[in-house]
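Let's take a relaxed walk through this one. Have a look at the model first, and then we'll go from its core outwards.

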Amino acid sequence: MAELFFFIAGIGAVAGAIGVVVLRNPLFSVLALVSHLLCLALLFLLLRAEFIAAAQVIIYAGAVMVLYVFVVSYVGGADEVIPLTGGGRAQRLLAVAFGGAIFAELAIAVLGTGLKALSGEGAPYSPGPQAFGTPAYIGRLLLTDFLLPFEVATFLLLIAAVGAVTLARRRRGLESGEPLLARPAIDYSRPGFTGTMAEAVGGRRALTAPDPDEPRAGDERPERVPS
Amino acid sequence: MNIDWYVTVSALIFSIGAVGVMTRRNPLVVLLCLELMLNAGNLALIAFSRMWGNGDGQIFAIIVMVVAACEVCIGLGIIVAMYRRRLPIDVDEIRELQG
């Protein structure tokens with residue numbers, strides 16, 4: 001029974017991966033990746049990694065892929081124009097040859113190795129509430145042996161969220177000449193448009209929006225002397 | 001099933017992802033192919049974790065998932081910023097990321 005599920009999930013995962021690479025429309029690529037992730041979660045289940053399989057489905061195939069779908073819809077994923085002549089084709093063939101070489105090398109490294117355990121079913125497993133791969137097991141490991149990586153990962157997520165907001169915000173909120181709200185006193189201590197969240201969403205900012213053609217205060221450059 | 005089957009599937013997915021990174025020109029799809037490669041690494045980690053009956057590989061896989069989520073977050077932020085600046089969404093056209 002495990003063999004049947006392995007082949008279904010494995011073929012699905014590989015087909016999804018090929019779909020991601022081959023499909024022209026980015027939205028279809030995202031959907032192929034979702035199916036790939038679901039098949040991969042089934043493989044994780046076969047490897048007794050129950051918690052990771054659930055996290056894969058909920059976080060990866062759910063949350064992260066929703067982010068992808070939103071960005072593809074926003075950017076307008078146009079079909080990619082594939083140049084079939086000239087340098088593009090040679091590069092494509094070279095890339096496929098290189099990928100085949102990577103696979104051959106990895107397969108030789110894996111299958112030609114002398115590790116006996118690699119061609120076995122794995123360590124003995126006995127089911128139970130604290131068994132290998134259950135949420136209780138993972139949670140105990142995360143909060144005892146791997147507490148530092150856990151904390152570092154949380155900080156990494158925080159930094160990534162802040163970075164994404166900083167990268168994707170609007171730089172110039174309103175058109176010039178548009179009346180603006182009075183800005184709070186703390187804002188006078190810094191030059192205009194140096195970036196706050198309120199500015200990004202077009203809230204309280206400078207008293208008047210500066211004319212983009214007019215040099216702003218703090219923006220003066222030394223005049224170039226005509227020689 | 002023997003563990004080496006899983007590791008072989010992982011190697012196959014990794015090389016498919018590598019081909020995608022090298023051939024596709026849309027940065028969105030390049031990010032998707034990076035996800036493929038990270039997931040192949042995850043599959044290998046979990047297969048080896050099962051092989052030894054040790055949970056450390058699974059913890060490593062969770063950390064890899066966290067790093068992948070961060071990378072997606074930043075990458076999509078950069079793509080949205082590129083779109084806002086009317087830059088072409090094409091990795092061949094974008095040769096520099098300054099300003």
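A nonpolar core is a set of buried Ala, Val, Leu, Ile, Met, Phe, Trp, Tyr and Cys residues joined through side-chain atoms within 4.5 Å. Keep in mind that what you see is a predicted model.

Here, the largest nonpolar core has 64 residues. Those with the most contacts inside it are Leu43(A), Phe44(A), Ile52(A), Met65(A), Tyr68(A), Ile13(B) and Leu76(B). Seven helices each supply at least two residues of this core, and here they are:

| Chain | Helices (residues) |
|---|---|
| A | α1 (2-22), α2 (26-46), α3 (50-75), α5 (135-143) |
| B | α1 (3-23), α2 (27-52), α3 (56-84) |

Domain 1 (1-81) and domain 3 (134-168) of chain A both give residues to this core, so the core lies between those two domains.

Now zoom in on Tyr68(A). Leaving aside residues up to four places away in sequence, Tyr68(A) touches Val30(A) along with Leu28(B), Leu31(B), Leu32(B), Glu35(B), Val72(B) and Leu76(B).

Over in chain B, α3(B) has 29 residues, so at 1.5 Å a residue it should span 42 Å; the end C-alpha atoms are 42 Å apart, which agrees. After α3(B) comes Arg86(B), with a positive phi near 60°.

What about chain A as a whole? Its secondary structure is seven helices and zero strands. Of its 227 residues, 31% count as buried. Chain A has an average pLDDT of 79, and 68% of the residues score at least 70. Among the elements of chain A, α2(A) has the highest mean pLDDT (93), while helix α7 (residues 197-200) has the lowest (59).

Technical notes: Residues are numbered from 1 along each chain as its sequence is written. Chains are lettered from A and ligands numbered from 1 in the order in which they are written. This is a predicted model: local features need pLDDT of at least 70, side-chain atom pairs count only at pLDDT 80 or more; totals for chains, interfaces and linings use all residues. Side-chain values use heavy atoms; hydrogens and water are left out. Buried means under 20% relative accessible area, exposed over 50%, partly exposed in between (1.4 Å probe, protein chains only). Helices (H or I, at least four residues) and strands (E, at least two) are DSSP runs, numbered from the N terminus. Domain bounds come from an automatic or database domain assignment. Contact means heavy atoms within 4.5 Å. The expected span of a helix is 1.5 Å times one less than its number of residues. pLDDT is the predictor's confidence in each residue, from 0 to 100.
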